[in-house]
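Please find below a few remarks for a colleague who is meeting this structure for the first time. They concern the surroundings of the ligand and the enclosed spaces.

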Amino acid sequence: MDRRKFLKIAALTTATAAANKLAYAQESAGKAPQGDDATTMMSDSVVWNKAPCRFCGTGCHLQVGVDKKKGKVVAIAGDRKAEVNKGLACVKGYHAGLLLYGSDRLTTPMLKKGDKHVPISWDEALSIVAKRVLKDPSGFAFYGSGQWTIPEGYAAQKFMKGGLACNHIDPNARLCMSSAVTGFESTYGVDEPAGTFTDLDKADVIICWGNNPAEMHPVLFSRIIDRRSRGEKVELIDLGTRRTRTTDHADHYMEFNPQTDLAIANCISQQLIANGTYDREFVEKYCNFRKDNDLSNPTLKGDATTFEDYKKLVAEYTPEMVSELSGLSVAQLQHLGKIFGDPKKKITSLWCMGMNQHTRGTDINRLVHGIHLLSGKFGSPGNAPTSLTGQPSACGTAREVGTLAHLLPGGRLVAKPEHRKDAEEYWNLPAGRINPTPGYHTVKMWEKFSTPSDKGGDIHTIWVQVTNPGQSLPNLEKLFYPSRKLDDKFLIVSDGYPTESTRHADLILPSAMWVEKNGMVGNSERRTQQWFRMVEPPKGARDDAWQTIAVARKLYDLGFEGMKDKDGKFIFAMQDEKGKEVPVWKWENYYDINVDKQLFEEYRLFSRMKHKNLAPYDEYVKARGLRWPVVEQKDGTWRETQFRFAAFDDPFVEKGKKIDFYHSTTNDGRAQIWFAPYTAPPEMPDKEYPLWLCTGRVLEHWHSGTMTMRIPQLRRAMPQAYVEINPSDAREMGIANGEKVRLVTRRGQLDLPAWINGRGKPPKGSVFVPWFDERLLINLITLDAHCPISKQPDYKKCAVKITKIAE
Ligand code: SF4
């Protein structure tokens, strides 16, 4: 591809590339990195190294320019050798270097005394954390992140499940992609997409299900737009509840009433069967049918059913019936039915928060997989149901390392004796050390933390790393603030900057960020990526993995049995190449060896059971990421896999089979096509609260804005949150553009400036608020209702009213 053309197109999409100071630093010197060396390039005094972008799950590779004399990141460029982004980055990626240099970096541990945080030493801080563990190991919880690097998440996982024998560890990824996990698990018996981003280069039709990649995954979106610019016909369908920048490029915008995506999916299946256009051979060879017989108690495995029963169940979802319910026209629904029924069309479905943050999140995920299976649009390039992630390692750390409360590394379950036995063997722990009861999921963990101990609130300490629950949890008045008034509850927060979470913490630990530490992450297409530390963190800030290991060592020194393996050795004992133990728990020795490499090599042993095989660490040093399963070839090279379960590419497909779902939940090599009915959401607009409230993200800011709001260019471009209101609603309520209005839900109220005909355009009866702005916390008023299977809350729909604020 011609890079110049690619860049030009990307700029035209409005979603992506923006020239900036950092990018200019290398361009103006005329010495942009050529990407010929996998790790290091020299340009005068600037050293260039590869690193994946710190932000979204697209996982673009960047070239990071470090001024050797200043010891600072001074330039960023897209990495031309990276297959994901082909030298491009979006506005956030180009500014990523500046995320390190906000003026208020945290540089010393701080303990809350009275109303103030006072500086304390690292040693004192580590002792305080260790004492909280000793006080009540089973009431100690770890709340992590899809931004944890793989080694960081793995260390935390081992600390909790192997060391404390306590499973109360969950990542913020519970809030963004756990419905995708349960969708994959219950359909294929194993998590994560079968396809990759390569499908976007091959598909004839791309359907965005409640998804706005133009703003959320801009470089990925540019790949689609670029194909069009080269004359390829790519039909883009935007199925959404609000017009966005993705809509601007869509061939079809199909606006549906919130929650009716369930009915739309069933309508596509109904048409495939009624018109005889489903792929009978694919279904008969590779699929079973499933549903939940007891809808009040749905489960991950559900109950077996038949094609005939499934046909009866979807029969009522005719285009006419679903048109009434969803607001889509009959013609639009028939168009969806027609393209899925056309054997010549290759279709890729994309989704992210719109489908996952849903009180029926598991079900809508299952239904979209079901449409692809029923139509045979699976297992060939361009045909794939593909979920996207918002965080750089939601897949790599939360899902693969298994930092969710019910998991062990590599897809193992704490509830399964043979899986616990595996982990105990890999970790050399005494048999029976790992607790068989799943820990609390995110909402439950914070609910228990905010409940007084004598009323069943059995979580007494939470250690937060690399996330900001004080802003990101739903219904904050219920889940976050009450604990702050309870004397026996103790909140520890590790972060690089002050946040709404650190402000309310009892103990703050200052963390190193991004290229101030070694790291590995896993993006949305199963691509594991690696980078080396390039600059020193500010004096006093330290790696999160070091913090975990150092607390573990404190506990070991205090005689806590859990931090010893069955031979009495420290569970994080590490040796150098000569076999000499290195005291990595001492900060001055932490980088004497590559701790990331040691943790990763231990972790990758876990990856084989679910055929998520990882290559040795050194292979990732050479590559711009590799997509698992990565399997060694006869000549000693390592080969990645682009299309899982398909014989032409997946090495684990049984010989003689074309498609093989080798982790089938029914143990017969088949995937499950699920039926799930439409049901109304738990809260809908009514007389008192007449509007829908949807929350989400914007192009310029990444999640809670902790990093991007400290990047002046991004902050200036999008300085504060707002409420998007439909012009006709605004007119009826007499609201002017920019006027401050009050949003009121059953949980609280928030004042925001109105944006009418803004970037996003909600339909009449609906408003949208972004959540990046800590000064305007929209999660004070959102709902904490969640999917019964994935436990993921629904931030996308609740009932709200708007009132004018008296002058
Ligand atoms: S934010 Fe996402 S799309 Fe933008 S450069 Fe980073 S990884 Fe790529």
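How do the residues of the shell around the ligand divide into nonpolar, polar and charged?

1. The shell around the ligand divides into eight nonpolar, three polar and one charged residue, where Ala, Val, Leu, Ile, Met, Phe, Trp, Tyr, Cys and Pro count as nonpolar, Asp, Glu, Lys and Arg as charged, and the others, Gly among them, as polar. Among the residues around the ligand, that is, with a heavy atom within 4 Å of it, are Cys53, Cys56, Cys60, Cys90 and Lys92. Helix H3 (91-94) and helix H9 (218-229) each give two or more residues to this shell; helices are DSSP runs of H or I with at least four residues, strands are runs of E with at least two, and both are numbered from the N terminus.

2. This is a predicted model, in which local features need pLDDT of at least 70, side-chain atom pairs count only at pLDDT 80 or more, and totals for chains, interfaces and linings use all residues. Residues are numbered from 1 along each chain as its sequence is written, and side-chain values use heavy atoms, with hydrogens and water left out.

3. The second largest cavity has a volume of about 480 Å³, a cavity being a set of points, on a 1 Å grid over the protein atoms alone, where a 1.4 Å probe fits but cannot get out, with lining residues having an atom within 4 Å of a point. Of the 31 residues that line this cavity, Gly210, Thr241, Gly354, Cys694 and Lys796 are the closest to its centre. Strand S27 gives the most to the lining, with four residues.

How values were computed. 1 Å grid on protein atoms, 1.4 Å probe; cavity = no way out; pocket = protein on both sides within 12 Å on 5 of 7 lines; lining within 4 Å. Points joined across faces, edges and corners; volume = space filled by probe spheres on them.
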